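Thanks for sharing this one with me. Here are my notes, set out point by point so that you can follow along in your viewer.

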Amino acid sequence: DHQFYMVVETHGSNGDHDEEKLNGFLETVMGEGCVVDGTIAQSGKDMAEIWECREGISPAMSSKGYTYKYDISLPVPRMYDLVEDMRARFADTGRDDVLTHGFGHLGDGNVHMNITSTKGFDPDVEAIIEPFVYEWTQKNRGSISAEHGIGQMKRDVLHMTKSETCVGLMRQLKTLMDPNGILNPYKVVPE
């Protein structure tokens with residue numbers, strides 16, 4: 001029913017103080033119309049159920065078809081723009097069999113963009129996504145990898161958002177920490 005939903009979790013040393021601050025925050029943002037509804041967990045069970053909703057997004061997307069997953073970081077004001085631009089990109093190509101959703105961490109600009117092809121893996125869908133997603137991220141001063149690392153999938157596009165100096169430093173750190181190349185071989189940093 002709403003464009004955005006947000007989970008706010010606090011961990012302070014004084015529960016009463018935290019609750020007072022959170023209630024004050026909610027009163028302010030609801031009074032300004034920034035937030036139209038909300039709930040506050042009253043127990044650990046409530047909190048687990050709220051987090052279950054958030055953690056269920058990716059599995060729900062995957063249950064609809066083949067899901068292309070991107071873990072990127074962007075400047076916070078631009079966080080959701082990539083999701084909207086990707087939706088427009090699919091609409092422009094007449095692909096109504098593709099679902100695009102984004103969720104992430106407002107505090108650090110980390111966006112998990114899930115794009116699901118309801119007809120299964122499709123090289124044409126992948127071609128609409130890549131390299132566009134990496135080029136868009138580069139143009140908007142983001143990083144192609146946020147919390148889940150480079151791995152094998154992004155290793156060869158790392159240069160799009162990291163300078164050669166930065167990649168060289170990554171190689172040096174990898175060599176220093178793993179001189180025999182036995183930890184995640186062929187992953188993380190391009191040769």
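1. Let me begin with Arg 171, which is partly exposed, with a relative accessible area of 28%. Please bear in mind throughout that this is a predicted model. The side chain of Arg 171 meets that of Glu 164 in a salt bridge, at 3.2 Å from N to O. Glu 164, for its part, is exposed, and its relative accessible area is 54%.

2. While you are in this region, have a look at helix α7, which spans residues 164-177 and holds Leu 169. Leu 169 counts as partly exposed because its relative accessible area is 47%, which lies between the 20% and 50% limits. Its C-alpha atom is 10.0 Å from that of Val 189, and the two residues are 20 apart along the chain.

3. A step back to the whole fold may help here. The protein has seven helices and three strands, and along the sequence they follow the pattern α-α-α-β-α-β-β-α-α-α. Taken along the principal axes, the C-alpha atoms fill a box of roughly 55 × 50 × 30 Å.

4. Some overall figures go with that picture. Of the 191 residues in the protein, 32% are buried. The accessible surface comes to about 12500 Å², and carbon and sulfur atoms account for 54% of it. If you take the contacts between residues at least 6 apart in sequence, 63% of them join residues at least 24 apart.

5. Now to the salt bridges: how many does a search of the whole structure find? The search finds seven. As a general reminder, side chains of opposite charge can pair when their charged atoms come close. One of the salt bridges joins Lys 45 to Glu 49, with the closest N and O atoms 2.9 Å apart. Both residues lie in helix α2 (residues 44-55), four residues apart, which is about one turn of the helix. Lys 45 is exposed, with a relative accessible area of 59%, whereas Glu 49 is partly exposed, at 39%.

6. The surroundings of Arg 95 deserve a careful look. Is this residue, with a relative accessible area of 18%, buried or exposed? Arg 95 is buried, because 18% falls under the 20% limit. Arg 95 is found in the loop between α4 and β2 (98-105). A salt bridge connects Arg 95 with Asp 97, the closest N and O atoms being 2.8 Å apart, and Asp 97 is buried as well.

7. Which residues are linked with Arg 95 in a network of salt bridges? They are Asp 97 and Asp 122. The side chains of Arg 95 and Asp 122 also make a polar contact of 2.9 Å. Leaving aside neighbours within four places in sequence, Arg 95 is in contact with Phe 90, Asp 122, Asp 124, Val 125 and Ile 128.

8. Turning to the strands, β1 (residues 66-73) is mostly covered, and six of its eight residues are buried. Strand β1 runs antiparallel to β3 (residues 110-117), and eight bridges join the two. To find the register in your viewer, start from Tyr 66, which stands opposite Ser 117 in β3.

9. Helix α6 (residues 132-139) makes a good companion to that view. Its buried residues are Phe 132, Val 133, Tyr 134, Trp 136 and Thr 137. Against which elements do the buried residues of α6 pack? They pack against β1, α4, β3 and α5 (123-129). After α6 comes Arg 141, whose phi is positive, near 60°.

10. My last point concerns the surface. Met 6, Val 8, Phe 25, Val 76 and Leu 106 make a nonpolar surface patch of about 440 Å². Val 76 sits in the loop between β1 and α4 (81-92), and Val 76 is partly exposed, with a relative accessible area of 37%.

Terms used. Residues are numbered from 1 along each chain as its sequence is written. This is a predicted model: local features need pLDDT of at least 70, side-chain atom pairs count only at pLDDT 80 or more; totals for chains, interfaces and linings use all residues. Side-chain values use heavy atoms; hydrogens and water are left out. Buried means under 20% relative accessible area, exposed over 50%, partly exposed in between (1.4 Å probe, protein chains only). Two strands pair if DSSP finds at least two bridges between them. Patches are made of residues with over 30% relative accessible area and no salt bridge: like charges are joined within 9 Å, nonpolar side chains (Val, Leu, Ile, Met, Phe, Trp, Tyr) within 5 Å. Accessible areas come from the Shrake-Rupley method with a 1.4 Å probe; for residues, only the protein chains shown count as cover. A salt bridge is a side-chain nitrogen of Lys or Arg within 4 Å of a carboxyl oxygen of Asp or Glu. A polar contact is a pair of N or O atoms within 3.5 Å; within protein, one must be able to donate a hydrogen and the other to accept it, and residues adjacent in sequence count only if both atoms are side-chain atoms. Contact means heavy atoms within 4.5 Å.
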